[in-house]
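Me: I would like to go through this model by question and answer. Please keep each reply short and end it on the value or name asked for.

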Amino acid sequence: MREATYPRGFPDSWYRLAASSDLAAGQVKYVECLGKQIVVFRSEDGKSVTAMSAFCPHLGANLAGGCVKGERLECPFHRWQLCSDGRVGKIPYSEKLPTRARQETWPIRERYGQIFIYHRGGGELNDCEQAPPYEIPDIPEVDDGRWVYRGRHDGKTVRMHLIEFAENSVDFAHFAPIHSEMFVPWTGIKVPGIKVEHEADWEPDAEQPHLAYFKNKAVLHVLGRLVERTRASALITFVGPGSVVTFRFKIPDVGEIIMFQTHLPISAMEQKVDFLWYADKTIPRLLVSYVVGNWVSQWAADIDIWENKVYLDKPTLAAGDGPIHRMRRWYKQFYPTVEPDETAPTRLAVLV
Ligand code: FES
Ligand SMILES: [Fe+2]
């Protein structure tokens, strides 16, 4: 029932399949997500990663049980080998290779310790040779070594739709009731006597339509008194519809932290949520963990709401609500309209 109220299908976007360190050279992994069954594997030399449909074009064996040979994946059944572009590269008992058979494959990038695929949800087969409309943005401070890897947290799978995460950022009226408590970082334990006051803003990028920025400023009230020096800010960038989101936390006079929060739809109503972060080398690790843990506690405070709500096409809004309709119009771009086809699963969004 809840699912039927949400936009249908999976939006076009970059999605994080795995952390780089979870896929060793020559390793194959099976991932069910985005309504697909996918195998992702790393070449024997460790340099390249491929994502393709899990079922062999020959007689349908699951390639996850196969093994990597150079840059190819060998099927466990009749030992056909598939190339990283999805073509058949070798048949042990036949010289003649099928030229037209082509596995579904995805454009893939390995950046900042993570493996991303670009998925088009339109019902046509994905193709690694079809260039994605945009890339995962560069982080110059990480590229030049000023900021370094400081950790990851494999979150949980949350029974929510992807759009809820984006909608949360424009739902300014929920900050006071849901996010005004201070928690012991990484836990749901409230810190008594401290309240968090938020100021929020949201806007799409003027030139790159796939980006949107959510700005949050927070300050603490300790025993009822505002403490100015606790003022902190975060710039949250949506790279697409909420599947890849970066948080820049600025700690005045100390430095910056950048954290990825990624959502991978296992199904329309299940998001696997992961966190991975880099920080200025100079920030003490404990402080980095404190800041990230603070965010993760605040994120977790929304879960109960997300896991039980529906999506209203026509919400009843009041003065003080954030730019919910504006965000929904922005979100529509990730569901490009396709020709209706009775036989194909429809993916047209029911967005306002
Ligand atoms: S099913 Fe894969 S080689 Fe036959
Ligand atoms: Fe929230």
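Reply: A residue is called buried when its relative accessible area is under 20%, exposed when it is over 50%, and partly exposed in between. The model is predicted.

Me: How many residues of helix 2 are buried?
Reply: Buried stands for under 20% relative accessible area. The buried residues in helix 2 include Ile163, Phe165, Asn168 and Val170. Helix 2 is mostly covered, and the count of its buried residues is 8 of 8.

Me: At what angle do the axes of helix 2 and helix 6 cross?
Reply: Two packed helices are described by the distance between their axes and the angle between them. On the side of helix 2, Ile163, Ala166, Glu167 and Val170 meet Ile324, Met327, Arg328 and Tyr331 of helix 6. The crossing is right-handed. The axes come within 9 Å, and the crossing angle is roughly 145 degrees.

Me: Which residues coordinate the iron ion (ligand 2)?
Reply: Along the chain, the donors follow the spacing N-x5-H-x4-H-x122-D. The coordination distances run from 2.0 to 2.8 Å, and Asp302 appears with two OD entries. The coordinating residues are Asn168, His174, His179 and Asp302.

Me: How many residues apart are histidine 174 and aspartate 302?
Reply: The iron ion (ligand 2) has both His174 and Asp302 among its coordinating residues. Histidine 174 sits in the loop between helix 2 and helix 3, while aspartate 302 sits in the loop between helix 4 and helix 5. The pair links distant parts of the chain, with a separation of 128 residues.

Me: Is aspartate 302 buried or exposed?
Reply: The cut-off for buried is under 20% relative accessible area. Histidine 174, at 7%, is buried. Aspartate 302 has a relative accessibility of 3%, so the class is buried.

Me: What is the nearest side chain of opposite charge to arginine 150?
Reply: Arginine 150 belongs to strand 11, residues 147-158. Among the residues that arginine 150 touches are Trp277, Tyr278, Lys281 and Arg285. A salt bridge needs a nitrogen to oxygen distance within 4 Å. Arginine 150 is buried and has no salt bridge; at 9.1 Å, the nearest side chain of opposite charge is aspartate 280.

Me: Which residue forms a salt bridge with lysine 309?
Reply: Side chains of opposite charge can pair when their charged atoms come close. For lysine 309 the closest N and O atoms are 2.7 Å apart, and the partner is glutamate 164.

Me: Why does the pair of lysine 309 and glutamate 164 tie together parts that are far along the sequence, and how many residues apart are they?
Reply: Lysine 309 is partly exposed at 24% relative accessibility, whereas glutamate 164 is buried at 3%. Lysine 309 lies in the loop between helix 5 and helix 6 and glutamate 164 lies in helix 2, so the parts tied together are separated in sequence by 145 residues.

Me: How far apart are the closest N and O atoms of arginine 146 and aspartate 144?
Reply: Arginine 146 is partly exposed, with 47% relative accessible area. Aspartate 144 is also partly exposed, with 48%. Their side chains meet in a salt bridge, and the N to O distance is 2.8 Å.

Me: How many salt bridges does the structure hold?
Reply: One of them joins aspartate 85 and arginine 87, with the closest N and O atoms 3.0 Å apart. Arg16, Lys272 and Asp274 are joined into one network by salt bridges that share partners. The total for the structure is 21.

Me: How far apart in space are tyrosine 290 and aspartate 85?
Reply: Tyrosine 290 lies in helix 4 and touches Met182 and Pro185, leaving aside residues up to four places away in sequence. Tyrosine 290 and aspartate 85 are 205 residues apart in sequence, and the C-alpha to C-alpha distance is 43 Å.

Me: What is the phi of aspartate 253?
Reply: Aspartate 253 is in the loop between strand 16 and strand 17. At 84% relative accessibility, aspartate 253 is exposed. Its phi is positive in a residue other than glycine, and the value is near 65 degrees.

How values were computed. Residues numbered from 1 in each chain as written. Chains lettered and ligands numbered in written order. Predicted model: local features only at pLDDT ≥ 70, side-chain atom pairs only at ≥ 80, totals over all residues. Heavy atoms only, no water. Donors = N, O, S within 2.8 Å, 3.2 Å for Na, K, Ca; no water. Helix = DSSP H or I, 4+ residues; strand = E, 2+ residues; numbered from the N terminus. Buried < 20%, exposed > 50% of the residue type's maximum accessible area, 1.4 Å probe, protein only. Lys, Arg positive; Asp, Glu negative; His and termini not counted. Contact = heavy atoms within 4.5 Å. Axes fitted to C-alpha atoms, helices over the stretch in contact; angles between N-to-C directions. Left-handed = near helix turned anticlockwise from the far one by under 90°.
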